[in-house]
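Visitor: I would like to learn how to read a protein model, one careful step at a time. Could you guide me through the one shown here?

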Amino acid sequence: MEEKVSVIGGGTAGLVTAKRLAKLGINTVVYDQKRVLGEPVRASGILSIKGLQKIGMNYSSAITNTLHGARIHANGKTMNISSKPAVAHVLDRKRLNDICHDEAVAEGADVLLGKRVTGRELEGFSSEGIVVGADGAVSEVARHYKIGSIKNYLLTYKAEYNTSHDDHRVVDVFFDGKVSKGLFGWICPNSEDILEVGIGVDSSFGNAMASFKKFISTKEISDVIGNAKRISEGASMIPVSQRSRIVDPKSRVLLVGDAAGQVKPSTGGGIIYGSIAGILAAESIKNYFEHGADLYQYERAYRKTFMLDIWMHEMVKSFYSGVGNMGMGFTLKILEVLGFGRFLGRYGDMDMPSEMARNLLRLGSKNSEISFG
Ligand SMILES: Cc1cc2nc3c(=O)[nH]c(=O)nc-3n(C[C@H](O)[C@H](O)[C@H](O)COP(=O)(O)OP(=O)(O)OC[C@H]3O[C@@H](n4cnc5c(N)ncnc54)[C@H](O)[C@@H]3O)c2cc1C
């Protein structure tokens with residue numbers, strides 16, 4: 001067998017994996033069915049600065065805005081999360097994809113565009129080497145090799161408007177069980193003069209576009225967008241349950257990114273988890289080629305890195321999905337009074353909530369009484 005890896009999918013997860021594989025000296029070819037990578041843009045690009053630093057990508061030319069916090073709204077109540085240092089960047093998703101592509105190619109990976117890989121071709125690739133399925137939420141690779149299943153999808157709809165709101169440094173998040181269940185609505189300043197408005201709903205709740213229409217007709221949103229021009233819009237989906245397995249060692253197939261369900265269940269953000277998983281996958285493949293190590297090493301490393309955080313995100317999601325509008329409004333009011341937003345701004349971690357728990361424990365051991373405010 002050749003030391004060759006075929007990566008199916010040239011989204012961020014596939015390209016970050018390919019970059020690391022090529023850097024490790026492994027012959028890597030990425031296949032994508034699209035002729036132009038990263039288009040059409042159907043997803044947002046809010047990424048934590050801490051997470052971006054972990055991926056080690058030269059992303060600065062994709063930044064369109066920088067965020068210092070969030071306002072969480074429910075039932076007329078608001079909790080403010082604010083941080084003096086910037087916590088996240090909003091990135092241009094097409095530009096981000098291009099950067100990932102250029103960095104993978106610069107390391108020596110080949111990228112073949114306009115090539116939809118079929119089940120029969122997958123068999124050929126896996127007999128020659130290793131296959132990495134990075135082919136997104138509805139993964140052909142996972143289906144072909146019958147690797148686990150994703151039980152829960154969110155349907156999304158979002159649009160960009162040529163307008164601004166009162167503070168371009170914060171994202172607004174709206175919980176309203178009558179409009180969306182399973183996620184939330186959001187207003188994100190993509191730049192100082194472009195606002196993105198979007199919504200996600202559990203696939204069992206119904207149609208994301210219908211929810212979006214309801215969302216933009218609520219007073220809170222219509223007051224912000226007014227008669228502003230809609231400059232882009234589109235629907236998509238997010239897998240929000242992890243696959244029970246992400247490796248088929250017999251066929252030498254690994255899954256990364258949305259194909260593996262590697263997203264934060266409470267927000268649907270997947271770029272940081274999928275990219276870190278891609279780096280872990282590449283390291284395991286290197287160990288397989290060099291030392292005959294078990295490919296399950298990747299699955300174990302992924303679960304060890306993220307298990308606690310995924311569990312914490314799932315707890316948050318179950319809470320906001322089940323508590324109802326009054327309960328959520330009441331919770332936000334109490335948390336705001338306690339100053340929990342300032343605590344989150346200072347110690348929180350958008351990707352790894354377990355880091356916040358560790359900070360809390362560290363603080364707890366220093367002070368017998370902890371004040372959130
Ligand atoms: C509305 C919305 C908002 C989001 N907001 C954020 C956010 O703010 N922050 C964040 O981190 N994440 C966000 N996400 C999630 C994020 O977009 C995904 O987690 C991420 O794009 C997944 O990357 P990927 O490379 O795994 O898959 P994809 O980006 O889906 O790439 C898969 C690629 O595989 C190709 N492909 C598929 N099948 C084949 C085949 N058979 N042969 C060849 N090529 C194939 C496709 O053409 C595609 O290019 C959002 C998602 C949505 C829908």
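Visitor: In which sense do strand β9 and strand β16 pair, parallel or antiparallel?
Guide: This is a predicted model, and what it shows can be read strand by strand. Strands of a sheet pair through backbone hydrogen bonds, either parallel or antiparallel. Val131 stands opposite Val253 in β16, and strand β9 (residues 130–133) and strand β16 (residues 253–255) are joined over three bridges, in a sense that is parallel.

Visitor: Which strands are the edge strands of the open sheet?
Guide: The open sheet is formed by six strands with mixed pairing, and their order is β8-β2-β1-β9-β16-β15. An edge strand pairs on one side only, and that description fits β8 (110–113) and β15 (247–248).

Visitor: How is strand β7 placed, with its two faces covered or bare?
Guide: Strand β7 pairs in the antiparallel sense with β3 over three bridges, where Leu47 stands opposite His89. With strand β4 (residues 63–67), β7 also pairs in the antiparallel sense, over four bridges, and there Leu67 stands opposite Ala88. As for the faces of β7 (residues 88–91), Ala88 and Val90 on one side and His89 and Leu91 on the other are all buried, so that both faces are, by the burial count, to be described as covered.

Visitor: What confidence does the protein average, as pLDDT?
Guide: There is a stretch to read with care, since pLDDT stays under 50 over residues 368–373, for which the model has ten contacts beyond four places in sequence. Over the protein, 97% of the residues score at least 70, and the average pLDDT is 93.

Visitor: How many Å separate the centres of domain 1 and domain 2?
Guide: The domain assignment gives domain 1 (4–45 + 92–151 + 241–315) and domain 2 (153–239). The contact between them takes twelve residues from domain 1 and 13 residues from domain 2, and on the side of domain 1 that touches domain 2 the residues divide into five nonpolar, five polar and two charged. The centres of the two domains, taken over C-alpha atoms, are separated by 29 Å.

Visitor: Which residues come nearest to the ligand?
Guide: The shell around the ligand draws at least three residues from each of domain 1 and domain 2, and by class it has 13 nonpolar, 17 polar and eight charged residues. Of the 38 residues around the ligand, those that come nearest are Gly9, Gly11, Gly136, Gly257 and Gly270.

Visitor: Which elements give two or more residues to that shell around the ligand?
Guide: Both helices and strands are represented in the list of elements that give two or more residues to the shell. That list consists of α1 (12–23), β2 (27–32), β3 (46–48), β10 (153–161), β14 (230–239) and α8 (271–291).

Visitor: Why does Phe212 count as buried?
Guide: Phe212 lies in helix α6 (residues 208–217), and, not counting residues up to four places away in sequence, Phe212 touches Tyr157 and Ile199. A residue is buried if 20 or more other C-beta atoms lie within 10 Å of its own. Phe212 meets that cut-off because the number of other C-beta atoms within 10 Å is 26.

Visitor: Is Gln297 buried, exposed or partly exposed, and why?
Guide: Gln297 has its place in helix α9 (residues 296–322), and, leaving aside neighbours within four places in sequence, Gln297 is in contact with Ser284 and Asn287. Gln297 and Asn287 are ten residues apart in sequence and, C-alpha to C-alpha, 9.0 Å apart in space. Because 18 other C-beta atoms lie within 10 Å, Gln297 is partly exposed.

Visitor: Is Lys146 buried or exposed, and why?
Guide: Lys146 is found in the loop between α5 (140–145) and β10, and phi of Lys146 is near 50°, a positive value in a residue other than glycine. Because Lys146 has 10 C-beta neighbours inside 10 Å, the class it receives is exposed.

Visitor: What is omega for the cis peptide bond that joins Glu39 and Pro40?
Guide: Pro40 is found in the loop between β2 and β3. The peptide bond that joins Glu39 and Pro40 is cis, and its omega is about -5°.

Terms used: Residues are numbered from 1 along each chain as its sequence is written. This is a predicted model: local features need pLDDT of at least 70, side-chain atom pairs count only at pLDDT 80 or more; totals for chains, interfaces and linings use all residues. pLDDT is the predictor's confidence in each residue, from 0 to 100. Two residues are in contact if their C-beta atoms, placed from the backbone, lie within 7 Å. A residue is near a molecule or strand if its C-beta atom, placed from the backbone, lies within 6 Å of it. Ala, Val, Leu, Ile, Met, Phe, Trp, Tyr, Cys and Pro count as nonpolar, Asp, Glu, Lys and Arg as charged, and the others, Gly among them, as polar. Domain bounds come from an automatic or database domain assignment. A residue is buried if 20 or more other C-beta atoms lie within 10 Å of its own, exposed if 12 or fewer, and partly exposed in between; C-beta atoms are placed from the backbone. Two strands pair if DSSP finds at least two bridges between them.
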